[in-house]
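Take a moment to look over the chain before reading on. The walk below starts at one pair of strands and works outward from there.

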Amino acid sequence: MRGWIGRLRWLLPAIAAAAALAFLPLPLYAIGPGSAVEVVPLIRVSGHPEHRPGGRLILTTISFRRLTAVGALVAWLDPAWSVVPREELFAPGETEREEERRSRSEMDQSKVDAAAVVLSRLAGYPEEHRPGALVERVTPGCPAARELAPGDVVVEVDGVRIAERRDASRAIRAAAPGEPIRLAARSGGELRRFTLARQRCVPGEPPVIGVVLIENLPFAVRMASGPIGGPSAGLAWALGLYDLLTPGELGGGRVVAATGTIDLEGNVGGVGGIAEKARAAARAGADLFLVPRADLAEARTAGVEGVRLVPVSTFDEAVAALTGGA
(Lines give C-alpha, C1' and ligand atoms only; values in the text may rest on other atoms or scores of the structure.)
Protein backbone atom coordinates (compact mmCIF):
# COMPACT_ATOMS: atom_id res chain seq x y z
CA MET A 1 0.00 0.00 0.00
CA ARG A 2 2.76 2.39 0.99
CA GLY A 3 4.43 1.65 -2.37
CA TRP A 4 1.31 2.68 -4.29
CA ILE A 5 0.96 5.81 -2.19
CA GLY A 6 4.56 6.70 -2.94
CA ARG A 7 4.02 6.19 -6.66
CA LEU A 8 0.85 8.34 -6.57
CA ARG A 9 2.73 11.10 -4.80
CA TRP A 10 5.16 11.09 -7.71
CA LEU A 11 2.54 10.65 -10.44
CA LEU A 12 0.04 13.31 -9.35
CA PRO A 13 2.40 16.27 -9.89
CA ALA A 14 3.44 14.80 -13.23
CA ILE A 15 -0.22 14.40 -14.28
CA ALA A 16 -0.99 17.95 -13.15
CA ALA A 17 2.00 19.30 -15.09
CA ALA A 18 0.98 17.38 -18.21
CA ALA A 19 -2.58 18.70 -17.92
CA ALA A 20 -1.29 22.25 -17.55
CA LEU A 21 0.94 21.85 -20.59
CA ALA A 22 -1.99 20.48 -22.61
CA PHE A 23 -3.85 23.75 -22.11
CA LEU A 24 -0.88 26.08 -22.44
CA PRO A 25 -1.24 28.44 -25.48
CA LEU A 26 1.03 27.48 -28.38
CA PRO A 27 2.39 29.66 -31.24
CA LEU A 28 -0.23 28.00 -33.45
CA TYR A 29 -3.56 29.24 -34.76
CA ALA A 30 -6.60 27.53 -36.24
CA ILE A 31 -8.14 29.11 -39.33
CA GLY A 32 -11.67 28.24 -40.38
CA PRO A 33 -14.67 29.59 -42.30
CA GLY A 34 -15.91 32.91 -40.97
CA SER A 35 -18.94 35.02 -41.68
CA ALA A 36 -20.49 35.94 -45.03
CA VAL A 37 -21.67 39.55 -45.01
CA GLU A 38 -23.85 41.36 -47.55
CA VAL A 39 -21.86 44.28 -48.91
CA VAL A 40 -24.31 46.76 -50.47
CA PRO A 41 -26.32 47.42 -47.27
CA LEU A 42 -23.04 48.52 -45.66
CA ILE A 43 -22.39 51.24 -48.27
CA ARG A 44 -23.86 54.75 -48.27
CA VAL A 45 -23.16 57.60 -50.68
CA SER A 46 -24.09 61.29 -50.56
CA GLY A 47 -24.36 63.47 -53.65
CA HIS A 48 -25.02 60.71 -56.18
CA PRO A 49 -28.14 58.64 -56.98
CA GLU A 50 -28.28 55.15 -55.48
CA HIS A 51 -29.76 52.11 -57.22
CA ARG A 52 -30.34 49.53 -54.51
CA PRO A 53 -30.04 46.09 -56.15
CA GLY A 54 -32.20 43.12 -55.27
CA GLY A 55 -29.49 40.49 -55.58
CA ARG A 56 -26.96 39.55 -52.92
CA LEU A 57 -23.28 40.36 -53.09
CA ILE A 58 -21.36 39.04 -50.10
CA LEU A 59 -17.83 39.22 -48.76
CA THR A 60 -16.44 36.22 -46.93
CA THR A 61 -14.15 36.17 -43.93
CA ILE A 62 -12.11 33.69 -41.94
CA SER A 63 -12.14 32.92 -38.24
CA PHE A 64 -8.93 32.29 -36.35
CA ARG A 65 -8.08 31.41 -32.78
CA ARG A 66 -4.95 30.64 -30.83
CA LEU A 67 -4.48 26.99 -29.96
CA THR A 68 -3.42 24.86 -27.04
CA ALA A 69 -2.07 21.35 -27.54
CA VAL A 70 -5.58 19.96 -27.05
CA GLY A 71 -7.05 22.59 -29.37
CA ALA A 72 -4.45 21.84 -32.03
CA LEU A 73 -5.36 18.14 -31.94
CA VAL A 74 -9.06 18.95 -32.32
CA ALA A 75 -8.37 21.39 -35.19
CA TRP A 76 -6.13 18.90 -37.01
CA LEU A 77 -8.94 16.34 -36.91
CA ASP A 78 -11.51 18.79 -38.35
CA PRO A 79 -11.17 19.12 -42.18
CA ALA A 80 -12.90 22.52 -42.10
CA TRP A 81 -10.02 24.03 -40.11
CA SER A 82 -6.34 24.57 -40.89
CA VAL A 83 -3.53 24.88 -38.35
CA VAL A 84 -0.91 27.53 -39.17
CA PRO A 85 2.12 28.92 -37.31
CA ARG A 86 1.88 32.35 -35.73
CA GLU A 87 4.19 33.94 -38.32
CA GLU A 88 1.58 33.40 -41.05
CA LEU A 89 -0.77 35.83 -39.30
CA PHE A 90 1.56 38.23 -37.47
CA ALA A 91 4.54 40.30 -38.55
CA PRO A 92 7.81 39.64 -36.68
CA GLY A 93 7.50 40.90 -33.11
CA GLU A 94 3.93 42.09 -33.67
CA THR A 95 1.53 41.90 -30.73
CA GLU A 96 -2.15 41.01 -31.06
CA ARG A 97 -3.10 44.66 -30.47
CA GLU A 98 -0.65 45.80 -33.17
CA GLU A 99 -2.02 43.17 -35.56
CA GLU A 100 -5.53 44.44 -34.91
CA ARG A 101 -4.45 48.03 -35.63
CA ARG A 102 -2.67 46.97 -38.83
CA SER A 103 -5.64 44.90 -39.93
CA ARG A 104 -8.00 47.84 -39.41
CA SER A 105 -5.70 50.12 -41.43
CA GLU A 106 -5.55 47.57 -44.26
CA MET A 107 -9.35 47.41 -44.30
CA ASP A 108 -9.61 51.20 -44.43
CA GLN A 109 -7.13 51.34 -47.30
CA SER A 110 -9.10 48.69 -49.20
CA LYS A 111 -12.20 50.91 -48.97
CA VAL A 112 -10.33 53.96 -50.29
CA ASP A 113 -8.81 51.97 -53.16
CA ALA A 114 -12.15 50.35 -54.03
CA ALA A 115 -13.94 53.71 -54.11
CA ALA A 116 -11.19 55.31 -56.21
CA VAL A 117 -11.32 52.47 -58.76
CA VAL A 118 -15.11 52.58 -59.12
CA LEU A 119 -15.39 56.36 -59.29
CA SER A 120 -12.65 56.48 -61.92
CA ARG A 121 -15.05 54.43 -64.09
CA LEU A 122 -18.29 56.20 -63.20
CA ALA A 123 -17.65 59.74 -61.95
CA GLY A 124 -14.71 61.21 -63.88
CA TYR A 125 -12.36 60.73 -60.94
CA PRO A 126 -9.65 61.87 -60.24
CA GLU A 127 -10.17 64.90 -62.51
CA GLU A 128 -13.49 65.48 -60.74
CA HIS A 129 -12.91 65.77 -57.01
CA ARG A 130 -13.75 67.78 -53.91
CA PRO A 131 -11.22 69.96 -52.07
CA GLY A 132 -8.72 68.26 -49.81
CA ALA A 133 -6.23 65.41 -50.10
CA LEU A 134 -7.47 61.90 -49.28
CA VAL A 135 -5.21 59.62 -47.24
CA GLU A 136 -4.80 56.37 -49.17
CA ARG A 137 -2.35 54.71 -46.78
CA VAL A 138 0.07 55.43 -43.96
CA THR A 139 3.45 53.86 -43.25
CA PRO A 140 3.73 52.08 -39.89
CA GLY A 141 6.37 53.59 -37.66
CA CYS A 142 6.25 57.00 -39.36
CA PRO A 143 4.88 60.20 -37.78
CA ALA A 144 1.61 60.15 -39.77
CA ALA A 145 0.67 56.77 -38.28
CA ARG A 146 0.05 58.49 -34.93
CA GLU A 147 -2.57 60.87 -36.32
CA LEU A 148 -3.85 59.82 -39.73
CA ALA A 149 -5.59 56.76 -41.17
CA PRO A 150 -6.75 55.77 -44.66
CA GLY A 151 -9.95 57.64 -45.45
CA ASP A 152 -9.01 60.82 -43.59
CA VAL A 153 -8.96 64.03 -45.65
CA VAL A 154 -6.20 66.60 -45.17
CA VAL A 155 -7.84 70.03 -45.59
CA GLU A 156 -5.11 72.41 -44.35
CA VAL A 157 -1.31 72.46 -44.08
CA ASP A 158 0.41 75.27 -42.18
CA GLY A 159 -2.67 77.45 -42.43
CA VAL A 160 -3.13 76.99 -46.20
CA ARG A 161 -6.37 75.42 -47.47
CA ILE A 162 -5.83 72.33 -49.60
CA ALA A 163 -7.64 72.29 -52.94
CA GLU A 164 -6.00 69.16 -54.35
CA ARG A 165 -3.44 66.49 -53.53
CA ARG A 166 -0.39 68.28 -54.91
CA ASP A 167 -1.07 71.31 -52.67
CA ALA A 168 -0.67 69.13 -49.59
CA SER A 169 2.35 67.24 -50.98
CA ARG A 170 4.19 70.46 -51.86
CA ALA A 171 3.50 72.04 -48.47
CA ILE A 172 4.70 68.94 -46.60
CA ARG A 173 7.87 68.62 -48.71
CA ALA A 174 8.62 72.32 -48.24
CA ALA A 175 9.14 71.82 -44.51
CA ALA A 176 12.66 70.97 -43.40
CA PRO A 177 13.21 67.63 -41.63
CA GLY A 178 12.22 67.97 -37.99
CA GLU A 179 10.38 71.25 -38.60
CA PRO A 180 6.80 71.23 -37.18
CA ILE A 181 4.08 70.96 -39.81
CA ARG A 182 0.61 72.05 -38.71
CA LEU A 183 -2.14 69.96 -40.31
CA ALA A 184 -5.92 69.84 -40.17
CA ALA A 185 -7.77 66.74 -41.27
CA ARG A 186 -11.35 65.51 -41.33
CA SER A 187 -11.92 62.07 -39.89
CA GLY A 188 -15.44 60.67 -39.66
CA GLY A 189 -16.93 64.15 -39.89
CA GLU A 190 -14.68 65.52 -37.13
CA LEU A 191 -12.05 68.20 -37.82
CA ARG A 192 -8.77 67.55 -35.99
CA ARG A 193 -5.66 69.73 -35.79
CA PHE A 194 -2.22 68.34 -34.97
CA THR A 195 1.48 68.79 -35.66
CA LEU A 196 3.86 66.38 -37.38
CA ALA A 197 7.44 66.56 -38.62
CA ARG A 198 9.29 64.78 -41.40
CA GLN A 199 11.56 62.02 -40.09
CA ARG A 200 13.73 59.21 -41.44
CA CYS A 201 11.33 56.35 -40.76
CA VAL A 202 11.74 54.29 -43.95
CA PRO A 203 15.17 52.66 -44.46
CA GLY A 204 17.00 54.18 -47.41
CA GLU A 205 14.40 56.91 -47.94
CA PRO A 206 14.56 60.65 -47.19
CA PRO A 207 12.66 62.10 -44.21
CA VAL A 208 8.88 61.81 -44.62
CA ILE A 209 5.74 61.93 -42.50
CA GLY A 210 4.79 58.57 -44.05
CA VAL A 211 1.54 59.13 -45.88
CA VAL A 212 0.30 58.53 -49.45
CA LEU A 213 -2.26 61.08 -50.61
CA ILE A 214 -4.65 60.96 -53.56
CA GLU A 215 -7.34 63.32 -54.80
CA ASN A 216 -10.41 63.57 -52.60
CA LEU A 217 -13.46 61.71 -53.90
CA PRO A 218 -16.08 63.73 -55.85
CA PHE A 219 -18.76 62.79 -53.32
CA ALA A 220 -18.95 61.07 -49.95
CA VAL A 221 -18.73 57.28 -49.83
CA ARG A 222 -19.07 55.44 -46.51
CA MET A 223 -18.43 51.73 -46.02
CA ALA A 224 -19.19 50.18 -42.62
CA SER A 225 -16.85 47.23 -42.07
CA GLY A 226 -17.54 46.80 -38.34
CA PRO A 227 -15.07 44.36 -36.74
CA ILE A 228 -13.87 42.93 -40.07
CA GLY A 229 -10.23 43.71 -40.84
CA GLY A 230 -7.57 43.08 -43.44
CA PRO A 231 -7.29 44.00 -47.13
CA SER A 232 -9.12 41.07 -48.72
CA ALA A 233 -12.54 42.75 -48.97
CA GLY A 234 -11.29 45.25 -51.56
CA LEU A 235 -12.86 43.54 -54.58
CA ALA A 236 -16.16 43.01 -52.76
CA TRP A 237 -16.32 46.70 -51.74
CA ALA A 238 -15.63 47.77 -55.31
CA LEU A 239 -18.30 45.50 -56.78
CA GLY A 240 -20.81 46.55 -54.12
CA LEU A 241 -20.24 50.25 -54.78
CA TYR A 242 -20.41 49.70 -58.55
CA ASP A 243 -23.70 47.82 -58.14
CA LEU A 244 -25.10 50.59 -55.92
CA LEU A 245 -24.22 53.38 -58.36
CA THR A 246 -25.42 51.70 -61.56
CA PRO A 247 -28.97 50.68 -62.56
CA GLY A 248 -29.90 47.01 -62.70
CA GLU A 249 -28.49 43.91 -61.06
CA LEU A 250 -24.75 43.40 -61.39
CA GLY A 251 -25.07 39.75 -60.40
CA GLY A 252 -28.31 39.14 -62.29
CA GLY A 253 -30.16 38.36 -59.05
CA ARG A 254 -27.72 35.63 -58.08
CA VAL A 255 -25.91 35.24 -54.78
CA VAL A 256 -22.35 36.30 -55.56
CA ALA A 257 -19.45 36.02 -53.12
CA ALA A 258 -16.17 37.81 -53.74
CA THR A 259 -12.73 38.11 -52.17
CA GLY A 260 -9.47 39.71 -53.22
CA THR A 261 -7.34 42.75 -52.55
CA ILE A 262 -7.58 45.72 -54.91
CA ASP A 263 -5.13 48.48 -55.74
CA LEU A 264 -5.62 51.91 -57.28
CA GLU A 265 -5.21 50.47 -60.79
CA GLY A 266 -7.97 47.93 -60.19
CA ASN A 267 -5.68 44.91 -59.99
CA VAL A 268 -7.01 42.05 -57.84
CA GLY A 269 -4.48 40.35 -55.59
CA GLY A 270 -4.36 37.13 -53.62
CA VAL A 271 -5.61 36.64 -50.09
CA GLY A 272 -5.03 34.28 -47.20
CA GLY A 273 -7.44 31.55 -46.13
CA ILE A 274 -9.03 31.18 -49.57
CA ALA A 275 -10.19 27.61 -48.94
CA GLU A 276 -11.90 28.65 -45.68
CA LYS A 277 -13.52 31.59 -47.47
CA ALA A 278 -14.80 29.25 -50.17
CA ARG A 279 -16.46 27.16 -47.47
CA ALA A 280 -17.99 30.31 -45.98
CA ALA A 281 -19.34 31.22 -49.42
CA ALA A 282 -20.88 27.77 -49.78
CA ARG A 283 -22.52 28.02 -46.36
CA ALA A 284 -24.02 31.36 -47.40
CA GLY A 285 -25.62 29.77 -50.46
CA ALA A 286 -23.45 31.55 -53.04
CA ASP A 287 -23.94 30.64 -56.70
CA LEU A 288 -20.61 32.18 -57.75
CA PHE A 289 -17.43 32.91 -55.86
CA LEU A 290 -15.11 35.47 -57.49
CA VAL A 291 -11.54 34.68 -56.42
CA PRO A 292 -8.12 36.10 -57.31
CA ARG A 293 -6.74 34.19 -60.25
CA ALA A 294 -3.58 33.45 -58.27
CA ASP A 295 -5.66 31.67 -55.61
CA LEU A 296 -7.83 29.50 -57.86
CA ALA A 297 -5.90 26.26 -57.35
CA GLU A 298 -5.98 26.61 -53.57
CA ALA A 299 -9.69 27.55 -53.61
CA ARG A 300 -10.43 24.30 -55.43
CA THR A 301 -8.91 22.31 -52.56
CA ALA A 302 -11.89 23.36 -50.41
CA GLY A 303 -13.98 20.89 -52.41
CA VAL A 304 -17.16 22.96 -52.11
CA GLU A 305 -20.16 21.86 -54.17
CA GLY A 306 -22.79 24.06 -55.79
CA VAL A 307 -20.51 27.12 -55.95
CA ARG A 308 -18.80 28.04 -59.21
CA LEU A 309 -15.32 29.48 -58.72
CA VAL A 310 -14.66 32.39 -61.10
CA PRO A 311 -11.02 33.58 -61.25
CA VAL A 312 -10.35 37.28 -61.93
CA SER A 313 -7.23 39.42 -62.13
CA THR A 314 -8.79 42.89 -62.30
CA PHE A 315 -11.91 44.73 -61.23
CA ASP A 316 -12.96 45.12 -64.89
CA GLU A 317 -12.68 41.35 -65.37
CA ALA A 318 -14.92 40.83 -62.35
CA VAL A 319 -17.58 43.21 -63.70
CA ALA A 320 -17.39 41.54 -67.12
CA ALA A 321 -17.74 38.09 -65.52
CA LEU A 322 -20.96 39.15 -63.80
CA THR A 323 -22.51 41.19 -66.60
CA GLY A 324 -21.48 38.66 -69.24
CA GLY A 325 -23.47 35.83 -67.63
CA ALA A 326 -20.58 33.91 -66.07
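Find Arg137 first: across from Arg137, in strand β10, stands Val212. The model is predicted, so treat each feature here as part of a prediction. The two strands meet at more than that one pair. β5 and β10, the latter spanning residues 211-215, are joined by five bridges. They run antiparallel.

β5 has a second partner. This is strand β6, residues 153-157, and the pairing is again antiparallel. Here there are two bridges. One pair to look for is Ala133 with Val154, its bridge partner in β6.

How many residues of strand β5 are buried? Five of the six are, so β5 is largely enclosed by the rest of the structure. Buried means that under 20% of the relative area is accessible. The strand itself covers residues 133-138.

Now step back along the chain from β5. The loop between α3 (96-122) and β5 holds Pro126. Look at the peptide bond that leads from Tyr125 into Pro126. That bond is cis, and its omega is near 10°. Most peptide bonds are trans.

Next, go forward to the end of β6. Asp158 lies in the loop between β6 and β7 (160-161). Its backbone deserves a look. Asp158 has a phi near 50°, a positive value in a residue other than glycine. Most residues other than glycine have a negative phi. Is Asp158 buried, partly exposed or exposed? Its relative accessibility is 28%, so Asp158 counts as partly exposed. The reasoning is simple: the partly exposed class lies between the 20% and 50% cut-offs.

Leu183 gives a contrast in cover. This residue belongs to strand β8, residues 181-187. Leu183 has a relative accessible area of 4%, so it is buried. What does Leu183 touch, apart from its neighbours within four places in sequence? Its contacts include Val154, Glu156 and Val157. Ile172 is another of them, and so are Arg192, Arg193, Phe194 and Leu196. Val154 has come up before, as the bridge partner of Ala133. Arg161 makes a useful landmark too. Arg161 and Leu183 are 22 residues apart along the chain, and their C-alpha atoms are separated by 9.9 Å.

Move on to helix α6, residues 274-283. The helix is mostly covered, with eight of its ten residues buried. The buried ones are Ile274, Ala275, Glu276, Lys277, Ala278, Arg279, Ala280 and Ala281. Charged side chains such as those of Glu276, Lys277 and Arg279 are therefore on the buried list too. Just after the helix comes Gly285, with a positive phi of about 80°.

There is also an enclosed space to find. The count comes to one cavity of 30 Å³ or more. The largest cavity has a volume of about 80 Å³. Thirteen residues line it, and the closest to its centre are Arg56, Leu57, Asp243, Leu250 and Gly251. The lining is mixed: five residues are nonpolar, four polar and four charged.

Finally, take in the whole chain. Its secondary structure comes to eight helices and 16 strands. Of its 326 residues, 44% count as buried. Consider the contacts with a separation of 6 or more: residues 24 or more positions apart account for 70% of them. The accessible surface is about 16400 Å², and carbon and sulfur atoms make up 55% of that.

Key:
Residues numbered from 1 in each chain as written. Heavy atoms only, no water. Helix = DSSP H or I, 4+ residues; strand = E, 2+ residues; numbered from the N terminus. Buried < 20%, exposed > 50% of the residue type's maximum accessible area, 1.4 Å probe, protein only. Contact = heavy atoms within 4.5 Å. Areas by Shrake-Rupley, 256 points an atom, 1.4 Å probe, with all protein chains shown as cover. 1 Å grid on protein atoms, 1.4 Å probe; cavity = no way out; pocket = protein on both sides within 12 Å on 5 of 7 lines; lining within 4 Å. Points joined across faces, edges and corners; volume = space filled by probe spheres on them. Pairing = 2+ DSSP bridges.
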